Amino acid sequence: MTSTAAVATANAVEIDNVVKRYGFVTALHGVSMQIGDGEFFTLLGPSGCGKTTLLRCIAGFEDVSEGAIRLHGQDIAPLPPHKREVNTVFQQYALFPHMTVLQNVSFGLLRLGWSVSDAEARAKQVLELVQLGQFAERRPGQLSGGQQQRVALARALAPRPKVLLLDEPLSALDLKLRQAVRSELKAIQRETGIAFVFVTHDQEEALTMSDRIAVMSAGHVQQIGTPREIYEAPSNRFVADFIGETNLLDVTANRVSDGIAEILLPGGARLSCPAALGARAGQGHLSLRPERLGIAAPGQGQLQATVEDHVYLGTDTQLHTRLGSGEALVVRLQNGAAAIPERGARLGLEIEAGAARLLSD
Amino acid sequence: MAGGAPGGASKSEIYKGNGPRLLLPAWIFIGVFLVAPVAIMAIYSFLTKEFRGGVIWEFTLAAYDQFFLDRGLFGDEPPSIEWTYIGIFWRSIWQAGLATVLCLLIGFPTAWFIATRDVKERSVWLFLITVPYWVNLLIRTVSMKFLIRDTGPLNELLLALGVIDTPLALVNTNFAVQLGLFYSYLPFMVLPIYAAVERYDFSMSEAAADLYASSWATLRLVILPVVKPGIVAGCILVFVPSLGAFLAPDLLGGAKTFMIGSLIEEQFKGAAGNWPFGAAASMILLTIVMGVLLVHARAQTKGER
């Protein structure tokens, strides 16, 4: 499995055992990660998982309770936000309504002491990069949501930060626009070579754009890896469930060694599959990716099931099936290739290579 | 404008052409309670005075002549500029302007403080701000006089602390009038600024800090321009009534601190009254206020472009 990660020569950001408490509530429980220079790094998790808190700690809007954050090796704890060489794209953009687009984009440069002419030249250059050159004299209120989003991006990019922080910047856009902006954002990241720390709760966004992803839940890092690693080799139940769709089956693992588990499936069949780090023999959870399950004649395959319902999804059809032992299992079939089994039909299920993985809890 | 509903946002056919009819109550109200009284005042300012108050229906410019020109005791000397009333106006403008600045200096931090509390706490603070204003303005102004008089609590406290040896003569000074004006109109500054700050999106301050702006630069370049409409509204709401106030100068000031409000009040009160002169002074005051508002409106529309 090759990863598309940019070659990280140095760490742009080092997050070292960061704890953040608000009174009695702990938002981050000792989080650590290294973000490489020029890397597109995503913090992914459901709302309330601490991803935005971590981003705000990097920006300096929140103080960390314990631990350290280093920017190119320098501890930034004592620096207020306006002295940190990071810039942020805010979720609701937070553009300055009383300034033109050009004034918004040159704001940071002027604060850094650039001359007006230099700042405006640089601002225009960045506006060209985000294809808003002709909107320089407009005010934010006169722009569409997508255009405002790009102004926010240009404003944060203009001072050439060491790290760009993006707080769910696409969540306010509609679906079509979001997909277009994704590839645009990725292209800009490659072109500028700035490390992006991107916060999102949208796993598809994370998978399509990131070099690496940190999956977070309840203030803990669950897994850090490339999109492919996260999807294909989730380390625990939470990651498997959160990334993509999956079936989780309660199974008994007879033996786990060298990352391979011997599983006893419901119905009595045996299966040998990869095991996540930390998975042990005994009762455990098996992840079965719905798109990697195939259908076979009744009696064949490792599992026996009855079709309960179909859901038509355009390219695919989802089969909701139930195993003889009572567990529900979703199978995803591509439309067009073969006939879709009727409701009530009995069938066998083949577990294809890479479909199954024994998880740690 | 043509037939559109107020605000012009509605495109519904139902309301098409109903604009003028729906505006009728507003027009009647403005006509009866604004246009008509101002017109009566304008007309009276050009009439001849009747000695026991009231007017004689004869056209004259005497009231304006008396305001601006000095023709000597018997009215037979060559006219020179009469400074008495212009001086009173100037003092009033100066006092009202100072009250506005003081209200802004105290009112802005106050409004900011309230608007940045929790939602529940905010209503408590707003309530506390308005509590003193449930008492009649007259009573509050008289109370102020008691507080600052020679044997009042303020002087007694300063004497007891040894800060002063003899009581400060505060009553009947510009300072006392200023105190009265400032105290009377402070909430009119706090409330509009509060409304503006409450709507302010604090992520803009974070954005400014993120873009290397210090707290001072954030205040100057982002916060103040964004909440400016609230500040301007507060300044107008303090300046305009301060300019015409008569309770504070009457009760806390003396002859040397005479302001427009007292001057006008005197013309309509008692036997010494001169209705046309009072009306003329009112018209001149109205003109000044309108002038200030027009300049502001002009600046505002320019700023939008």
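These legends walk through several close-up views of a predicted model.

**View 1. Chain A splits into two domains.** Domain 1 of chain A takes in residues 11-232, and domain 2 takes in 245-359. Measure from one C-alpha centre to the other and you get 39 Å between domain 1 and domain 2 of chain A. There's also a label from an unreviewed UniProt entry: its annotation "domain: ABC transporter" covers residues 13-243 of chain A. That span is 36% helix and 27% strand, and its end C-alpha atoms sit 25 Å apart.

**View 2. A mixed sheet of 6 strands in chain A.** Follow the open sheet across and the order reads S6-S7-S8-S3-S9-S10, with mixed pairing. At the edges are strand S6 (86-89) and strand S10 (220-225) of chain A, each pairing on one side only. Going from one strand to the next, the twist averages 20 degrees. Zoom in on strand S3 (residues 40-44) and strand S9 (residues 212-217) of chain A, and you'll find a parallel pair held over 4 bridges. One spot to look for here is A:Thr42, whose bridge partner in S9(A) is A:Ile213.

**View 3. Helix H1 of chain A, wrapped up by its surroundings.** Helix H1 covers residues 51-59 of chain A, and 9 of its 9 residues are buried, so the helix is largely enclosed by the rest of the structure. The list of buried residues includes the charged-looking names as well as the greasy ones: A:Lys51, A:Thr52, A:Thr53, A:Leu54, A:Leu55, A:Arg56, A:Cys57, A:Ile58 and A:Ala59. Just after H1(A) comes A:Gly60, with a positive phi near 100 degrees.

**View 4. An antiparallel sheet of 5 strands in chain A.** This open sheet runs in the order S13-S12-S11-S14-S20, and the pairing is antiparallel. Strand S13 (270-274) and strand S20 (356-359) of chain A are the edge strands; each has a single partner, so one side of each is left without a neighbour in the sheet. Neighbouring strands are turned by 45 degrees against each other on average, direction ignored. In the close-up, strand S11 (residues 247-257) and strand S12 (residues 260-264) of chain A run antiparallel and are joined by 5 bridges. Look for A:Ser257, which stands opposite A:Ile260 in S12(A).

**View 5. Where chain B meets chain A.** Here 15 residues of chain B are in contact with 17 residues of chain A. On the chain B side, helix H8 (203-210) and helix H9 (215-244) each supply at least two of the touching residues. H8(B) gives the most, with 6 residues. Sorted by class, the chain B side has 10 nonpolar, 2 polar and 3 charged residues.

**View 6. B:Leu263 and its neighbours.** B:Leu263 sits in helix H11 (residues 260-268) of chain B. Is B:Leu263 buried or exposed? With 22 other C-beta atoms within 10 Å, B:Leu263 passes the cut-off of 20 or more and therefore counts as buried. Leaving aside residues up to four places away in sequence, B:Leu263 touches B:Ile88, B:Phe258 and B:Ala281. For a sense of scale, B:Gly31 is 232 residues from B:Leu263 in sequence, and the two are 27 Å apart in space, C-alpha to C-alpha.

Definitions and conventions
Residues numbered from 1 in each chain as written. Chains lettered and ligands numbered in written order. Predicted model: local features only at pLDDT ≥ 70, side-chain atom pairs only at ≥ 80, totals over all residues. Buried ≥ 20, exposed ≤ 12 C-beta atoms within 10 Å, placed from the backbone. Contact = placed C-beta atoms within 7 Å. UniProt positions renumbered as here; feature names shortened; annotations may be inferred. Pairing = 2+ DSSP bridges. Axes fitted to C-alpha atoms, helices over the stretch in contact; angles between N-to-C directions. Nonpolar A, V, L, I, M, F, W, Y, C, P; charged D, E, K, R; others polar. Domains from an automatic or database assignment.
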